[in-house]
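Me: I'd like to learn how to read pockets, cavities and strands in a model. Could you walk me through one?

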Amino acid sequence: MPENQVLVEIKDLHTYFFLAEGVVRAVDGVDLVIKRRQTLGVVGESGCGKSITSLSLLRLIPPPGRITQGEILYYKPSAGDNGSVDVINITALNPNGREIRDIRGNQISMVFQEPMTAMSPVRTVGQQIIEAIMLHQKVNKAEARKRAIEMLARVKMPKPERTIDDYPFQLSGGMRQRAVIAMALSCHPHLLIADEPTTALDVTTEAQILDLMRSLQNELGMAIMYITHNLGVVAEMAEEVAVMYLGKVVEQTDVKTIFLEPLHPYTQGLLSSIPRLDESIMRGEKRRRLQMIKGMVPDPYTRLKGCPFHPRCPKVIGDVCDQVEPASIWVRPGHMVRCHLYAEAVKSGPAPSH
Ligand code: SF4
C-alpha cells in the first residue's frame with residue numbers, strides 16, 4: 001500500500017453556528033488532506049476552528065451549528081487492504097444514521113483533552129471499553145473483555161487484568177488518558193483524532209503519552225490528526241502541519257518547512273512566541289526576546305473584510321489586505337499559504353503534491 005494514499009480530504013468546509021447574537025463562522029472554508037499512516041498536526045490559537053473541523057469530520061456538531069458548505073471525503077480502505085478504497089462523502093450522511101455510527105468510534109475515533117469528560121464516572125473502565133468493542137465487532141462479552149485487557153496492556157496500563165475493573169476516578173490523570181486511548185484504539189481505527197490529548201497532563205506524563213501514541217501508530221498503521229496549540233508537540237509528532245486562523249487554514253506544508261521556512265506572518269508570529277533552543281543560542285549568541293502576536297483573536301461574531309489576520313499583521317499591505325481576501329497559493333508543490341505577500345511570486349501556482 002502506498003504510504004501517501006489519501007485517507008480523508010476536506011474540501012471548502014464551512015461549519016457555522018446560528019445564534020441569537022449572530023452567526024459564528026467557526027470553520028470558514030477549510031481545505032485539508034490527511035494521508036494514510038501519517039500524522040497531520042493542526043495548530044492555532046483557541047477559537048481558530050481546529051476542534052470544530054474535527055467534530056465536523058465525525059458529524060458531531062451540535063445544534064444550532066451545522067455544516068453549510070463543502071464536503072468531507074473518506075477514502076475507506078477495503079476490508080482486505082488490497083489498495084482499493086470506497087469513497088464515502090461524510091457530509092452527505094445522516095449525522096444520526098447507521099453509516100456514520102459505523103465510522104465513528106470504529107474507523108475514525110477521537111481522544112479528547114480531558115479524559116474525565118470522555119469517560120463515564122459511574123462505569124468501570126472495562127465496561128466502557130467492552131461496550132465500544134461489542135458495538136462495532138461481532139464478539140461475545142468474554143472475547144470483548146479479553147480484547148479490552150489486551151488493549152490496556154498495549155497502552156502500558158499497569159496490571160490491566162485488575163485496572164479493567166477500576167472506575168476512572170480511581171486512576172491518575174496519565175492512566176485515565178491511557179484508558180481513553182485504549183478505548184479509542186480498541187477497534188483499530190484508520191484515523192485517530194487527538195484533540196489536545198496531553199494538555200491536562202504534566203510534562204513527564206505528556207512525554208510518555210506521546211511516545212505511546214507514536215509506537216501505537218507504527219504498530220497499528222493508523223493516521224493521526226493531532227490538534228494542538230503547542231508547536232513543540234507538533235515538531236515531535238507530525239509529518240504535515242496545517243496552521244489555522246479564524247476558521248481557515250492559512251499555511252500547510254511538511255513539518256520541517258514550517259519550522260525552517262514559515263511563510264505566513266501568523267505562522268512566523270507563532271514560532272517567534274515560543275522559546276527555541278536554536279542554533280544562535282547554541283552558539284552562545286545574544287538571546288532574543290520572545291515576540292508576541294499583537295492584539296487578540298477578534299470576537300467570533302465579527303467577519304472581517306479582506307485577510308482575517310490584517311488587524312494583527314506586522315506585514316499588512318495597505319489598501320489590499322483589508323479589502324481583498326487572499327486565496328490559497330501553492331508556492332511549491334506541498335507548500336500552501338494564504339497571503340498576498342506571495343501572490344506576485346507565483347503567477348500560476350503549482351498543483352498540490354497529493
Ligand atoms: Fe498579513 Fe496581508 Fe498576508 Fe494577511 S494577506 S497575512 S494581512 S500580509
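**Reading the spaces and the strands**

Reply: Gladly! This is a predicted model, and a good place to start is its largest pocket, where helix 4 gives the most to the lining, with five residues.

Me: How do we find empty space in the first place, and how much space lies in the largest pocket?

Reply: Rolling a probe the size of a water molecule over the atoms shows where empty space is left. Here the largest pocket holds about 570 Å³. Its lining counts 20 residues, with Arg104, Gly105, Ala132, Leu135 and His136 nearest the centre.

Me: Which elements supply at least two residues of that lining?

Reply: Helix 2 (98–103), strand 6 (108–111), helix 4 (125–136) and helix 7 (173–185) each do. By class, the lining divides into 11 nonpolar, four polar and five charged residues.

Me: And where is the ligand, in terms of these spaces?

Reply: The ligand takes up the largest cavity. Residues around the ligand include His264, Cys307, His310, Cys313, Cys321, Cys339 and His340. The shell has eight nonpolar, three polar and one charged residues.

Me: Now a strand: is strand 8 mostly covered or uncovered?

Reply: Strand 8 (residues 223–228) is mostly covered, with six of its six residues buried. Look at both faces: Ala223, Met225 and Ile227 point one way, Ile224, Tyr226 and Thr228 the other, and all are buried.

Me: Which strands pair with strand 8?

Reply: Strand 3 (residues 39–43) pairs with strand 8 in the parallel sense over five bridges, and Leu40 stands opposite Met225. Strand 7 (residues 191–195) also runs parallel to strand 8, joined by five bridges, with Leu191 opposite Ala223.

Note on methods:
Residues numbered from 1 in each chain as written. Predicted model: local features only at pLDDT ≥ 70, side-chain atom pairs only at ≥ 80, totals over all residues. Heavy atoms only, no water. 1 Å grid on protein atoms, 1.4 Å probe; cavity = no way out; pocket = protein on both sides within 12 Å on 5 of 7 lines; lining within 4 Å. Points joined across faces, edges and corners; volume = space filled by probe spheres on them. Helix = DSSP H or I, 4+ residues; strand = E, 2+ residues; numbered from the N terminus. Nonpolar A, V, L, I, M, F, W, Y, C, P; charged D, E, K, R; others polar. Near = heavy atom within 4 Å. Sits in = over half its atoms within 2 Å of the grid points. Buried < 20%, exposed > 50% of the residue type's maximum accessible area, 1.4 Å probe, protein only. Pairing = 2+ DSSP bridges.
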